[in-house]
Structures are given as C-alpha cells and as structure tokens.
Amino acid sequence: MSYEAIKHPGLNLGSAHGRDHDAAESMMFGFWVFLMSDAILFSMVFATYVTSVGATAGGPGPHELYDIKSVFIETLLLLASSFTFGMASLALKYKHGTARLIGWLAVTLVLGVAFLGFELHDFASMFSKGGVPSRSGFLSAFFDLVPLHGLHVTGGSIWLICLVGQIAMYGVDTQVKLGVMRLALFWHFLDIVWIAIFSVVYLAGLT
Amino acid sequence: MIEQTRDGRNATTRKLEERKEFRSYIWGIALALVLTLVPFALVHWAAMPRLWLLSAIGAFALVQIVIHFRFFLHIGFWQKREDLQLILFSTLLLVIMVTGTIWIMASLAMRMTLPAQP
C-alpha cells in the first residue's frame with residue numbers, strides 16, 4: 001500500500017481527483033495562513049479576558065452567570081459537528097455521491113445552528129441575571145471573546161449554506177471541492193478555539 | 001487487461017485508505033470525547049485544590065488541541081513541513097504576546113492596588 005504525498009493541511013483529495021488535487025495546494029496553504037492569523041487575533045482577545053477576569057466591579061461573576069450543563073451540551077454539539085464534517089470530507093474524497101455529501105453537510109449545519117441556539121440562550125439567561133456587557137470589565141471582555149467565536153460559527157454556517165447552493169447549481173466541480181475543503185479547515189479550527197474557550201472561560205471560571 | 005488489473009488494485013488500495021482515514025476520525029472523536037468529559041467531570045464533582053484543578057484543565061485542553069490537529073486537520077511530521085512550521089511559529093508569537101500581556105497587566109494591577117490602611 002503506497003502513501004500519496006500530502007500537500008496541505010486537512011484531508012487531501014489525492015491523485016484520483018487529478019487537477020483538483022494540484023489546484024488545492026496553494027489555495028489551502030493560503031487559507032491556512034489566514035487561520036493562523038485568526039488564531040493570533042483570538043489569542044489576544046483571550047489575553048484581554050484573562051487580564052479582566054477579576055474586574056467584576058461588584059457585579060455578577062462567573063459562578064453566578066455560567067451554566068456548566070449548557071456549556072457541556074454546546075461542547076458536545078460542536079465536537080459532533082466536527083466529526084460529521086469529517087464524514088462529509090470523506091464522502092467528497094471517495095466520491096460517494098452528491099446526496100451523501102449534502103447529507104453530511106446538512107447534519108453539520110443542524111449541529112452548528114443548535115450550538116448557536118444554546119449559546120444565544122446562555123447569553124439571554126446571563127442578561128436576565130444582570131450580566132450585560134456594560135456592567136463590568138469582566139463582562140465586556142466576556143462578550144468580546146465568546147460571541148466572537150459565535151460570530152465565526154455563524155459565518156461558517158452561512159458559508160456552508162452557500163456551498164450547498166453551489167453544489168445544487170454547478171455540481172461537485174473544482175470550486176466546490178476547494179470550498180468544502182477550506183470550510184472543513186475553518187470548522188475544525190473553530191472547534192479548537194472552542195476547546196480553549198470552554199477550558200479558559202467556563203471551566204477555569206467555575207473552579 | 002493490464003489497465004483493468006491496475007484499476008482493480010487501485011480500487012482496493014483506495015478502499016483500504018478510506019477505512020484507515022475513517023478509523024482515524026473515529027479515534028479523533030473518541031479521544032476528544034474522553035479529553036472533554038474528564039475536565040468537565042473534575043470541575044463538576046471533584047473537590048481538588050484550585051491550582052491542581054486549573055493545571056488539569058490546562059493539560060487536558062492542550063492534549064485535546066493536539067488530538068484535533070492530528071486527527072481532524074491531519075497535521076503531522078510526515079507532510080509538507082510549512083504547515084507544521086507555521087503552527088509552531090504562530091504558537092510562539094501567541095505565547096509571547098499572551099504571557100507578555102498577562103504578566104504586564106497583572107503587575108500593573110498589583111501596583112495600582114492601594115496598600116491596606118494600618
């Protein structure tokens with residue numbers, strides 16, 4: 001069994017996809033560079049959060065505001081969506097047909113939207129307990145960091161819907177393949193950012 | 001005829017490769033699940049000193065991030081080196097900026113607190 005040369009991060013299409021595989025190399029690397037710069041952006045927002053975590057100004061703190069059960073469900077939803085996107089990537093690579101590809105993408109979208117729903121519900125319950133962004137430095141930093149990730153997930157979901165539209169219009173051509181592969185990188189990257197969020201913000205906040 | 005045999009062999013190779021890659025995703029999600037469940041369980045149930053708990057959360061998070069890079073993003077030592085080097089360089093920048101920020105701001109906060117009245 002021979003191994004093909006791996007050209008870029010994420011699942012490689014392999015030589016069975018001919019020119020699409022060659023076209024992927026520079027495109028995927030460029031997107032990878034963007035993701036790393038996005039990681040730097042997130043890390044600075046994390047640093048802001050950590051420096052202001054004690055600045056509650058007499059307002060509600062992590063113990064009053066965070067709900068570990070809801071965060072746990074969100075974590076599982078996002079992890080599951082990462083896995084289902086992996087299945088979509090496999091369906092694309094091994095040419096299991098458009099229906100299966102769209103099916104896995106749709107499951108991923110549902111999980112992503114469910115994640116966003118739980119997150120919005122969390123924010124609403126924080127607001128009702130007086131945890132609004134203007135209340136303290138801690139809450140400003142919190143609502144800088146966690147919704148920034150939520151905004152990324154929203155962007156990813158919109159991108160996913162656009163891709164499904166593209167598949168419906170043009171079929172699985174080079175552009176669609178490269179789009180799915182880049183969105184896969186983006187989606188898995190967002191799950192990694194979420195690991196940092198549930199560890200640094202929620203779990204560390206509740207110790 | 002020869003073409004046909006080669007196609008047949010390619011199909012078998014691809015099937016094997018697919019199974020291997022599918023299994024890699026299963027490993028990824030299984031490990032990630034364990035590495036998620038343990039810190040949540042620790043925070044929810046275990047009565048440990050705070051510093052221990054924080055170190056455990058940090059360690060589990062770091063391992064889980066490596067697992068995600070390895071099994072979901074397929075980063076490894078075997079591939080084009082720039083991808084991994086870019087992660088390592090970004091991580092270096094990230095660590096310098098984050099620890100620098102936290103260090104300076106913590107020091108500032110310490111200096112800004114008024115001494116307790118005697």
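**Figure 1. Contacts in chain A that link residues far apart in the sequence.** In this predicted model, take the contacts in chain A between residues with a separation of 6 or more: 76% of them join residues that sit 24 or more positions apart. As for burial, 41% of the 207 residues of chain A count as buried.

**Figure 2. Chain A from end to end.** What do you meet as you read along the sequence of chain A? The pattern is α-α-α-α-α-α. Counted up, that secondary structure comes to 6 helices and 0 strands. If you want a feel for the dimensions, the C-alpha trace of chain A spans about 60 × 30 × 30 Å along its principal axes.

**Figure 3. Helix 3 and helix 4 of chain A, side by side.** Two packed helices are described by the angle between their axes and the distance between the axes. Here, the axes of helix 3 (68-93) and helix 4 (98-128) of chain A come within 8 Å and cross at roughly 165°. Are the two helices roughly parallel or roughly antiparallel? Angles over 145 degrees count as roughly antiparallel, so helix 3 of chain A is roughly antiparallel to helix 4 of chain A. The crossing of this pair is left-handed. Sort the residues in the contact between helix 3 and helix 4 by class, and you get 17 nonpolar, 5 polar and 4 charged.

**Figure 4. A look at A:Lys95.** Where does this lysine sit? A:Lys95 is found in the loop between helix 3 and helix 4 of chain A. Is A:Lys95 buried or exposed, or something in between? There are 14 other C-beta atoms within 10 Å of A:Lys95, so this residue is partly exposed. To be buried, a residue needs 20 or more such neighbours, while 12 or fewer would make it exposed. Now look across to A:Leu105: the two residues are 10 apart in sequence, and their C-alpha atoms are 15 Å apart in space.

**Figure 5. Where chain A touches chain B.** Zoom in on the two chains together, and you'll find 40 residues of chain A in contact with 43 residues of chain B. Which elements of chain A give two or more residues to this side? They are helix 1 (19-51), helix 3 and helix 6 (174-206) of chain A. Helix 1 of chain A provides the largest share, with 12 residues. What kinds of residues does chain A bring to this side? By class, they divide into 28 nonpolar, 10 polar and 2 charged.

Note on methods:
Residues numbered from 1 in each chain as written. Chains lettered and ligands numbered in written order. Predicted model: local features only at pLDDT ≥ 70, side-chain atom pairs only at ≥ 80, totals over all residues. Helix = DSSP H or I, 4+ residues; strand = E, 2+ residues; numbered from the N terminus. Contact = placed C-beta atoms within 7 Å. Nonpolar A, V, L, I, M, F, W, Y, C, P; charged D, E, K, R; others polar. Axes fitted to C-alpha atoms, helices over the stretch in contact; angles between N-to-C directions. Parallel < 35°, antiparallel > 145°, perpendicular 65-115°, else oblique. Left-handed = near helix turned anticlockwise from the far one by under 90°.
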